[in-house]
Amino acid sequence: MKPGCAAGSPGNEWIFFSTDERTIRYRKTMSNGGLQRSVILSAFLVLRAVTGFPGDGRAIWSKNPNSSPVNESQLFLYDTFPKNFFWGVGTGAFQVEGSWKEDGKGPSIWDRFIHTHMKNVNNRNGSSDSYMFLEKDLSALDFIGVSFYQFSISWPRLFPDGIVGAVNTKGLRYYNTLLDALVLRNIDPVVTLYHWDLPLALQEEYGGWKNDTMIEIFNDYATYCFQTFGDRVKYWITIHNPYLIAWHGYRTGMHAPGEVGNLAAVYTVGHNLIKAHSKVWHNYNINFRPHQKGWLSITLGSHWIEPNRSENMLDIGKCQESMVSVLGWFANPIHGDGDYPEELKLFSDLPLFSEAEKNEVRGTADFFAFSFGPNNFKPLNTMAKMGQNVSLNLREVLNWIKLEYDNPRILIAENGWFTDSHVKAEDTTAIYMMKNFLNQVLQAIRLDGIQVFGYTAWSLLDGFEWQDAYTTRRGLFYVDFNSKQKERKPKSSAHYYKQIIQENGFILKESTPDVQGQFPCDFSWGITESVLKPESVASSPQFSDPHLYVWNATGNRLLHRVEGVKLKTRPAQCTDFISIKKKLEMLARMKVTHYRFALDWASVLPTGNLSAVNRQALRYYRCVISEGLKLNISPMVTLYYPTHANLGLPAPLLHGGGWLNPSIAQAFQAYAGLCFQELGDLVKLWITINEPNRLSDIYNRTGNDTYRAAHNLLIAHALVWHLYDQRYRLSQRGAVSLSLHSDWAEPANPYAESHWGAAERFLQFEIAWFAEPLKTGDYPRAMREYIASKNRRGLSSSALPHFTQDERRLVRGAADFYALNHFTTRFVMHEQQNGSRYDLDRDIQFLQDITRLSSPSRLAVIPWGERKLLRWVRKHYGDVDVYITANGIDDQAPENDQLRKYYVERYIQEALKAYLIDKIKIKGYYAFKLTEEKSKPRFGFFSSDLKAKSSIQLYNKVISNSGFPSDENSSLKCTQTQRNKECTACLFLVRKKPLIFLGCCFFSTLVLLSITIIFHKQKRRKFWKAKNLQHIPLKKGRKRVLS
């Protein structure tokens, strides 16, 4: 199995369906009146599509197309199953017992079928040999901790010729030993009387299930089992999946006895199976239930199907037809009204029940035993698709059963998926399939009120898988069929199922409960945009055009210029750019404090150097920034924003080798210097390069190309950081970093050590690749050593570049904060790759968890991964300031983007936990992104035609509250002054330079004038004081001295 594809759309790698074979068989079996019946069938489908019948399950397909993708009833459910829920595993006798002719066992139809139809199966003793190694099976049951074990009795092992008479004592001893051991362990046995291994003698003498004589013979066999084992068995299954017995055994010939017949034979077999089950149920009910107190049912299997168009009643009718032709064929007589579904009665080949038989058959099941596994979906012609879409939605089919059959008690008697034969203990995809199925069962119980009382994981052991023989595996325990001892080795799925049983469901461990609290008032609440293309000329020239115009002068409703007249114009203004006006309107509605956008290097410097500077582009960017500052929206400016579609380099630099040419670092430094010089007085937060760790998507010809380009990107960033640090920081007081794509990684299989290593290796190759040199001056040791080990094994010729001593000093410490773009969490597994490319050097494969809420572009919504990432960053790079510079998801909704609202709220909540609980120094959160682009995933808060979406209101509320305050603190909100307290003075200085200059001049003049006036007043006071002294009379002998 290809793990990278395994968890995509369920079944896309494992199930292949042909055109509707059931429709073909309808045509083949119609007589001369076939056309008439075809018309009747079509009319019947339309009638039922419109009207429906009582107990009709078609309501399950009537869904609201506008339902929310984050409806709590549809999300993964963290909850427990009901107390005393019945947890079990199952096996089939022929699949696992082996010893096909040992100790007096008679041959079955499958022994003959293998010999005649499956000659490539060389060794019929290649099973798990449960007959020989019973104690090992019991140890496996002990390991998992199940409450019941569902197994089947091999009819020919008890009675070699199928007729109840002298029993095979060794076979009897085996089943008695098994039952006694189960009782001793408090494990309830759930015993199936017939799981497809009919004694060959009965097939040869009577023609098998085509002969109604089998009804009495089967009843005799059941009676013996009730008499012999019933004291220890409380749950009985008569027949396992009769649909497959009839359809593949007597129609397609893919199962034993391998007959390829017509529909008459198929329906006859089904008819006899139903009557045989009914007779056994009445037998048990009358003769054994009163003292054994047990329950009895028949296991019915089915697929599930979804309409092409959920609103189209004809498609819904076809889905209903598909289900009743498989599941309803047997369920309707037994669990319904005692008769076949109306759809099947249109075919003359179908036998009819008499009224007495209807009464006899109706209600002959104490619970609904249901099988939902791969045998119900494959091979190609197992089911009737009716042109609709096959689905693995177990919850939906359980709801269908509830609606059709009056909410019966349900035992999931078989469920699971399969892996390829080469998969041993690490059956990772089986974990996710089990997780998906089990959670659907839990949702059905807790949210839909469906009475599921037990679940059977299939199968306990690897074994013989019918038409697939030994090419697939379904066991929770791996068995090496070629070994002598047939040891049972628990797979990852066994560990997972054991954990589910111990916890009785799904407990949320990764995330803690929501917290109430707030970010500080100087927290940066931002919105991110990608490259902002500058307008070459003002798009509103009405104030700069000096001509006078007259409108509609000749009645043609046009403007006519008046020659010879010129008007006085005003200087150009930033608001002449209409795009800036629109941008400001959107930013004002977002109510953010910061706006992150990227400059277009190729527009600013078309030649790649300073010989030709596009001053108009610089003016445009300055206008964007200054007009934003007037709204108290501070900028975070990205100098270089490459994408997979566009490298964003000036043409001469691109043609010169791009980032493979080391000289580009100096060109980038010159470009950055120009931007600092022209815009730096307005900008306090700079990002040099956005996601340089994703340029591996472009420079991917060889691993060495990727690593050389990355090396030059790091050098370029470091040169720019030092330039700012040495020339501009003192006057501009800003901060510079680069922004890394930083998704979190989890092991796809938590029970596999190699997957834990792969998760950490992903982080080293993805994040530490650039972050580590900024801390230590060199690439991560783990990355170097892993590539070197692949070199030694001849799996790769890649090599990381080496930093010179000067480069180490240049790179080390060249970042003022950690900036990360985080979108999702990836589930990774180890898979050895051979080749010299970056993606192959990592030996990593990704797996999509189908149980997770995901976006249209398959981004999984896993908020707790963000917090884990933040803790990982602090662990490896210290207590640094962190800005989440991009975080968002695509949402197809044109206006009511509920997925985005859910995503933004949950991810900000995890960031708040990291801030309050983990004490991580988060300085800002920037949602991604402002506007979406046409024909691309819809990440925008505004549509491509600038229409606002409802998620804006939620983000406004979070910003207004600075997080998620408690009720008593909900009135404590940050004022704009508090938010900008660090920058109020500097912003005022930036915006009012001329006024401040004039003010300073006026103040200086005022001070000088005041000093002059004061000086003159003091001088005049002294003069008048001296003059007044002359009139004062002196004592005798004194002389007046005049100064």
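This report walks through a predicted model of one protein chain, from its overall make-up to its barrels and cores.

## The chain as a whole

There's a lot of secondary structure to get through here: the protein chain has 34 helices and 29 strands. It runs to 1043 residues, and buried residues make up 57% of them. Among contacts with a separation of 6 or more, 78% are between residues 24 or more positions apart.

As for the outside, the accessible surface of the protein chain comes to about 44,300 Å². Carbon and sulfur atoms hold 54% of that surface.

## A barrel starting at β1

Follow β1-β2-β3-β4-β5-β7-β9-β11 and you go round a closed barrel of eight strands with parallel pairing. From one strand to the next, the twist averages 25 degrees. For a look at one pairing, take β4 (residues 235-240) and β5 (residues 295-301), which are held in the parallel sense by four bridges. Within that pair, I237 sits opposite S297 of β5.

Two helices are worth picking out on this sheet. Helix α8 (residues 169-184) packs on it and touches β2 (148-152) and β3 (188-194), with its direction at about 170 degrees to that of β2. Helix α12 (residues 263-287) also packs on the sheet, touching β3, β4 and β5, and its direction makes about 160 degrees with that of β5.

## Helix α5 and its cover

Helix α5 covers residues 109-117, and its buried residues are I109, W110, D111, F113 and I114. What lies over them? The cover includes α4 (93-96), β3 and α9 (200-206). Strand β3 turns up here again, having already appeared as a member of the β1 barrel.

## A barrel starting at β16

Another eight strands close into a barrel, this time in the order β16-β19-β20-β21-β22-β24-β27-β28, and the pairing is parallel. The twist here averages 25 degrees from one strand to the next. Strands β27 (residues 882-887) and β28 (residues 922-928) are a handy pair to inspect, running in the parallel sense with four bridges. V882 faces I922 in β28.

On the helix side, α30 (residues 898-916) packs on the sheet against β16 (524-531), β27 and β28, and its direction makes about 170 degrees with that of β28. Helix α24 (residues 703-732) lies across β20 (634-640), β21 (685-690) and β22 (735-741), at about 160 degrees to β22.

## A strand out in the open

Is strand β18 (residues 559-566) buried or out in the open? None of its eight residues is buried, so β18 lies largely in the open. Its partner β17 (residues 547-551) runs antiparallel to β18, and five bridges join the two. One of the bridge pairs puts Y549 with R561 of β18.

## The nonpolar cores

In soluble globular proteins, nonpolar side chains tend to be buried together. In this model, the largest nonpolar core has 151 residues, and the members touching the most others are W155, W209, F370 and Y497. That core draws at least three residues from each of domain 1 (74-503) and domain 3 (743-815 + 825-858).

W155 makes a good place to zoom in. Leaving out residues up to four places away in sequence, W155 touches G162, Y194, D197, L198, P199, L202, W209, M214, I217, F218 and Y221. Apart from this core lies another one, of 136 residues, with C574, A759, A814 and A911 among them.

Terms used: Residues numbered from 1 in each chain as written. Predicted model: local features only at pLDDT ≥ 70, side-chain atom pairs only at ≥ 80, totals over all residues. Heavy atoms only, no water. Pairing = 2+ DSSP bridges. Axes fitted to C-alpha atoms, helices over the stretch in contact; angles between N-to-C directions. Contact = heavy atoms within 4.5 Å. Buried < 20%, exposed > 50% of the residue type's maximum accessible area, 1.4 Å probe, protein only. Areas by Shrake-Rupley, 256 points an atom, 1.4 Å probe, with all protein chains shown as cover. Core = buried A, V, L, I, M, F, W, Y, C linked by side-chain atoms within 4.5 Å. Domains from an automatic or database assignment.
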